[in-house]
Amino acid sequence: MIKEVEEKVNYCLNCKVKPCSLKGCPLNNHIPDFIQALKKEEYFEAYKILSETTVLPGVCGRICPHEKQCQGSCVRGIKGEPVSIGELEAYTFDKVHELGYHLSDCYEKVEKKDKKVAVLGGGPAGLTCAAFLAKEGIQVTIYEKYDYLGGLLMFGIPNFRLPKEIVENTVKDILDLGIEVKYQQELGKDFTLKDIEKEYDAIFLSIGANCSSKMGVEGEDLKGVYGGNELLEYNLHPNYKGKKVIVTGGGNVAMDCARTINRLGAKEVTVVYRRAEEQMPAEKKEIQDAKTEGVKFAFQNNIVKILGNEKVEKVELIKTKLVQKEGESRLSPVNIENSNYQVDVAYIVMALGSKPQEYVKDLGLELNKWGNIQVDEEYKTSNPKVYAGGDLAGMKGTVAWAAKSGREAAKNILKNI
Ligand code: SF4
């Protein structure tokens, strides 16, 4: 084992109460156990322990907001730095693949059962649900609108954070559990829920919610204004060379957009965020990396309107102050009167959150007040045969939470069919 990994492994206290696992990790991965296996250089055992709760260790190890999840609850973090749990998880995945082990080696072989489940959408929630069903012998078919699986993992997260090879290896491992895939099959376009309902014992809906929310400001429809989610998902970037770009938003999608655009040669990329840096939902590491790479930040600023003749030419910004409003848990930004100013800009990227696609309203399933599919504690929708998870069902927006919804839905499907 390389010295750096050895030091990280030995730094873990193997706590009996394991807050990293029980409090921090949405998937409740058996963190101290896999670290102890790593310590003994039992790499496959470490991977097997992880695979009891997750089929995405190579992904989550790299892109989870660890400081808010497992590492945020690590006992070592109380007085110093937490254990580098994410790095160790990613290391385990990489190491076992290097040694030639695969996910199917972790599970007992079972006979195929006479039960069929359709999984609509092959992102983190769908892949996890499919895997946890297939390993129990359920006949699973994934319906995927693209000609590749992985959803946002494939193109929604830049390669510098999550190499495509890791996603491809993860997907291949999952499919090797014996899962059928129907590519280029989009719900609402190529088939309806009714078309397939009779064919399957249950359906798991995990088609995501990747339509960028709008600000509702003047000029938002001008050419050169993009939605952050779509920009990353479809990878349809304009030529940024020599141009000034503004990205508005404070989450990891905003950081991914800003860093990607910066790497694509923009003259200047500025993240406009209406609150202060401390309130940014993006991970500290992502913010720091963006700064190091040259991305600029305009905290406590907000877009008032976008100006231009057909295409974006300028943006009007206003400065904000933060006030504590009654009933609000965090400080709210309030515009400072007469602090407006205009700057030249060629492109604006809205990275302010996302919502489900329009056709979700027509699926005949109950929605919650945010327009997500309403699910109960079993991830069941208003149609007892249909379950839903991931962003579509309004899960907390991280890969681990999406994966958890897929895994728990699979358990309930197994119990109910
Ligand atoms: Fe190890 Fe930290 Fe978990 Fe304790 S809380 S078992 S030190 S990773």
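**Exercise 1. Which helices each supply at least two residues of the lining of the second largest pocket?**

Solution. The model is a predicted one, and the work starts with the elements that surround this space. Helix H1 (3–11), helix H5 (57–63), helix H6 (85–98) and helix H13 (284–292) each supply at least two residues of the lining. H6 gives the most, with six residues. The next step is to place the pocket among the domains: domain 1 (3–105) and domain 3 (212–353) both give residues to the lining of the second largest pocket, so the pocket lies between them.

**Exercise 2. Describe the second largest pocket by its volume, its lining and the chemical character of that lining.**

Solution. The space in the second largest pocket comes to about 680 Å³. Its lining is made up of 29 residues, and those that lie nearest the centre are His66, Gln71, Gly86, Glu87 and Lys285. Sorted by character, the lining residues divide into 14 charged, nine nonpolar and six polar.

**Exercise 3. Follow the salt bridges of Glu286 and decide whether the residues taking part are buried or exposed.**

Solution. The structure holds 24 salt bridges, and two that involve Glu286 are examined here. In one, the side chains of Arg161 and Glu286 meet at 3.5 Å, N to O. This pair links distant parts of the chain, since Arg161 sits in the loop between helix H8 (152–155) and helix H9 (164–175) while Glu286 sits in helix H13, 125 residues apart. In the other, Arg259 forms a salt bridge with Glu286, the closest N and O atoms being 2.8 Å apart. Because Arg259 lies in helix H12 (residues 252–263) and Glu286 in helix H13, this pair ties together parts that are 27 residues apart in sequence.

For the accessibility step, the cut-off for a buried residue is under 20% relative accessible area. Arg161, at 11%, is therefore buried, and Glu286, at 4%, is buried as well; Arg259 is also buried. Finally, Arg161, Arg259 and Glu286 are among the residues linked in a network of salt bridges, which also includes Lys285 and Asp289.

**Exercise 4. Where in the chain are Gln300 and Tyr379 found, and how accessible are they?**

Solution. Gln300 is found in the loop between strand E9 (296–299) and strand E10 (301–309), and its phi is near 50°, a positive value in a residue other than glycine. With 27% relative accessibility, Gln300 counts as partly exposed. Tyr379 is found in the loop between strand E15 (354–355) and strand E16 (386–388), with a positive phi near 65°. Its relative accessible area is 13%, so Tyr379 is buried.

Technical notes: Residues are numbered from 1 along each chain as its sequence is written. This is a predicted model: local features need pLDDT of at least 70, side-chain atom pairs count only at pLDDT 80 or more; totals for chains, interfaces and linings use all residues. Side-chain values use heavy atoms; hydrogens and water are left out. On a 1 Å grid over the protein atoms alone, a cavity is a set of points where a 1.4 Å probe fits but cannot get out, and a pocket is an open set with protein on both sides within 12 Å along at least five of seven lines; lining residues have an atom within 4 Å of a point. Grid points are joined across faces, edges and corners, and a volume is the space filled by probe spheres set on the points. Helices (H or I, at least four residues) and strands (E, at least two) are DSSP runs, numbered from the N terminus. Ala, Val, Leu, Ile, Met, Phe, Trp, Tyr, Cys and Pro count as nonpolar, Asp, Glu, Lys and Arg as charged, and the others, Gly among them, as polar. Domain bounds come from an automatic or database domain assignment. Buried means under 20% relative accessible area, exposed over 50%, partly exposed in between (1.4 Å probe, protein chains only). A salt bridge is a side-chain nitrogen of Lys or Arg within 4 Å of a carboxyl oxygen of Asp or Glu.
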